[in-house]
Amino acid sequence: MSTLAVAGLMRAGEHAALREERAEYRSVDTEPTGSPAVATDSNWRYVGSGYTAGAALLAAGIAEDRVISRQLAREAMEDEGRGWEL
């Protein structure tokens, strides 16, 4: 049996164990106890996901600035290694 096949069987076993644990968890009574230590909130609302168009442009600009800064720092370190003064 190949290493890949063995790894696949191991993952299948892990998934089966996870499914078993999830089924056990869901079978437990999860009704609120009325205790003041238990807080429940049934009102959910969708607030969005990801960046807005403007925020995406801002994030891309920041990422580009970081790449350039790292490249300049790398070049400065190489220049110092050559004995050049900055």
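**A chat about helix 2**

Visitor: Why does the span of helix 2 agree with what its residues should give?
Guide: Helix 2 has 29 residues (53-81), which at 1.5 Å a residue should span 42 Å, and its end C-alpha atoms are 42 Å apart, so the two agree. The expected span is 1.5 Å times one less than the number of residues. Helices are DSSP runs of H or I with at least four residues, strands E runs of at least two, numbered from the N terminus.

Visitor: Where does this model come from?
Guide: It is predicted: local features need pLDDT of at least 70, side-chain atom pairs 80 or more, while totals for chains, interfaces and linings use all residues. Residues are numbered from 1 along each chain, and side-chain values use heavy atoms, without hydrogens and water.

Visitor: How many helices and strands are there?
Guide: The protein chain has 2 helices and 0 strands.

Visitor: What follows helix 2?
Guide: Gly83 does, with a positive phi near 90°.

Visitor: Which residue pairs with Asp79 in a salt bridge?
Guide: Arg82, with the closest N and O atoms 3.1 Å apart. The rule is a Lys or Arg side-chain nitrogen within 4 Å of an Asp or Glu carboxyl oxygen.
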